[in-house]
Amino acid sequence: MERNSTTSADILEIEGFDISPQFMYPLFFLLLFAYFSLLFSNIGVLVLIITEKSLHQPMYILFCNLSINDLIGNTVLLPRLMAHIISTERFITYSQCVAQAFHSHTFGSASHMILVIMAIDRYVAICHPLRYSSIMTTRTVVGLSATAWGVSLVLVSVLIGLTVRLSRCRSVIQNAYCDNASLFKLSCEDVSINNIYGLVFTVLLFSCSIGGIGITYFRIALICWMKKSKELNNRALQTCASHLVLYLIMLLSGFLTIILHRFPKYPNLRKIAYILFHVVPANLNPIIYGMQTKSLQLYLIVFLNTLNLL
């Protein structure tokens, strides 16, 4: 009897989306298309960079980091979310829920840090083109990438660890997926430490992200204004505009998710913002970054020709 009660206590119910039956399958197929699209594009970019030796350069290491992060973050979220959309029973074990929250928050944290490194890479390429190869070496980029992943894993481990220590008095996840806030809301204990650390974590991450990218873009704009070179301005605009748009999409959807946790009257809006945070950048990253890189674009065209897709 005790074993059965323990087992049932480990099963959580996912609240999911509050949608009418007629919209269930359209939403399911929309997410399925988005998932297959990002799988195809990101895996394609990874295979191309790994197999083509001439693309084994620092800049492409950053592309690989971004694609791997997008694949992990969305694979942890979307398949189970799609299954819950068309299912009448939405259950998940506590350990699976913790794992999903951990990978999801790691995805968000790593996304910010990788985009900061990419902004630095673009700054060096635009403002110091002659010194680019000596500054952004493979060793430097690998070190920066490892730091981004390492810091993300440590910060998120503490975040989730503070939640796992809590006892649970509820079994319903008031969300369509598992995240840290939904997990610690299962407890009836004092969660002040979780809220404080979560706030510090968020402020630190967003401050470093916004500050790093803001300073980088300011210096790029300053260099462009001082040199008054049309070619430099066009190169900077082409390179930075897409990066900035993607970053703003990720930033706004991330802010919406965090803010709307404090406003339970808009549950579906919060869930949609979180999904957009995962899906939109993951689909656009390989297209924008891949297509704007001439070497990668050339190899991609050759690759598609070999598959008789063109």
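User: A charge sits over a ring if NZ of Lys or CZ of Arg is within 6 Å of the ring centre and within 35 degrees of the ring normal. With that in mind, which residue has its charged end over the ring of tyrosine 94?

Analyst: Happy to start there, with the reminder that this is a predicted model. The ring belongs to tyrosine 94, and the charged end above this ring is 3.8 Å from the ring centre. The residue that supplies this charged end is arginine 168.

User: Let's step back to the whole protein. How many helices and how many strands are there?

Analyst: Reading from the N terminus, the order is α-β-α-α-β-α-α-α-β-α-α-α-α-α. Each α stands for a helix and each β for a strand, and the totals are eleven helices and three strands.

User: What percentage of the residues is buried?

Analyst: A residue counts as buried when its relative accessible area is under 20%. The protein has 310 residues, and the buried part of them is 45%.

User: What share of the accessible surface belongs to carbon and sulfur atoms?

Analyst: The accessible surface of the protein comes to about 16300 Å². Of that area, the share belonging to carbon and sulfur atoms is 70%.

User: Which helix gives the largest share of the largest nonpolar core?

Analyst: In soluble globular proteins, nonpolar side chains tend to be buried together. Here the largest nonpolar core has 81 residues, and Leu78, Leu81, Ile173, Leu183 and Ile220 touch the most other members. Several elements supply at least two residues each, including strand 1 (11–14), helix 2 (24–51) and helix 8 (192–227). The largest share, 18 residues, comes from helix 4.

User: Leucine 78 was in that list. Which residues does leucine 78 contact, leaving aside neighbours within four places in sequence?

Analyst: Leucine 78 is among the core residues that touch the most other members. With those sequence neighbours set aside, the contacts of leucine 78 are Leu31, Tyr35, Leu38 and Val279.

User: Now the aromatic rings. Are the rings of tyrosine 177 and tyrosine 274 stacked or edge-to-face?

Analyst: The structure holds six aromatic pairs. One of them, phenylalanine 28 with phenylalanine 29, has planes at 80° and centres 5.2 Å apart, and is edge-to-face. For tyrosine 177 and tyrosine 274, the centres are 4.2 Å apart and the planes are at 15°, so this pair is stacked.

User: How many residues apart along the chain are the two tyrosines of that pair?

Analyst: Tyrosine 177 lies in the loop between strand 3 (172–173) and helix 7, while tyrosine 274 lies in helix 10. Tyrosine 177 is buried at 1% relative accessible area, and tyrosine 274 is buried at 7%. The pair links distant parts of the chain, and the separation in residues is 97.

User: Which side chain makes a polar contact of 2.5 Å with the side chain of serine 182?

Analyst: Serine 182 sits in helix 7 (residues 180–184) and is buried, with a relative accessible area of 3%. A polar contact of 3.1 Å joins the side chain of serine 182 to that of asparagine 175. The contact at 2.5 Å is with the side chain of aspartate 179.

User: Is aspartate 121 buried or exposed?

Analyst: Aspartate 121 belongs to helix 4. Beyond residues up to four places away in sequence, aspartate 121 touches Met59, Leu62, Tyr132 and Met136. The relative accessibility of aspartate 121 is 1%, and the cut-off is under 20%, so aspartate 121 counts as buried.

User: What about glutamate 189: which side chain makes a polar contact with its side chain?

Analyst: Glutamate 189 is in the loop between helix 7 and helix 8, and is partly exposed at 36% relative accessible area. Not counting residues up to four places away in sequence, glutamate 189 touches Leu166 and Ser167. The polar contact of the glutamate 189 side chain is 2.5 Å, and the partner is serine 167.

User: Last one: what distance separates the C-alpha atoms of leucine 276 and threonine 257?

Analyst: Leucine 276 is in helix 10 and is partly exposed, with a relative accessible area of 40%. Setting aside residues up to four places away in sequence, leucine 276 touches Ser253 and Pro281. Leucine 276 and threonine 257 are 19 residues apart along the chain, and their C-alpha atoms are separated by 10.0 Å.

Conventions:
Residues numbered from 1 in each chain as written. Heavy atoms only, no water. Helix = DSSP H or I, 4+ residues; strand = E, 2+ residues; numbered from the N terminus. Buried < 20%, exposed > 50% of the residue type's maximum accessible area, 1.4 Å probe, protein only. Areas by Shrake-Rupley, 256 points an atom, 1.4 Å probe, with all protein chains shown as cover. Polar contact = N/O pair within 3.5 Å; in protein donor to acceptor, adjacent residues only side chain to side chain. Core = buried A, V, L, I, M, F, W, Y, C linked by side-chain atoms within 4.5 Å. Contact = heavy atoms within 4.5 Å. Phe/Tyr/Trp six-rings, centres within 6.5 Å; stacked < 30°, edge-to-face > 60°.
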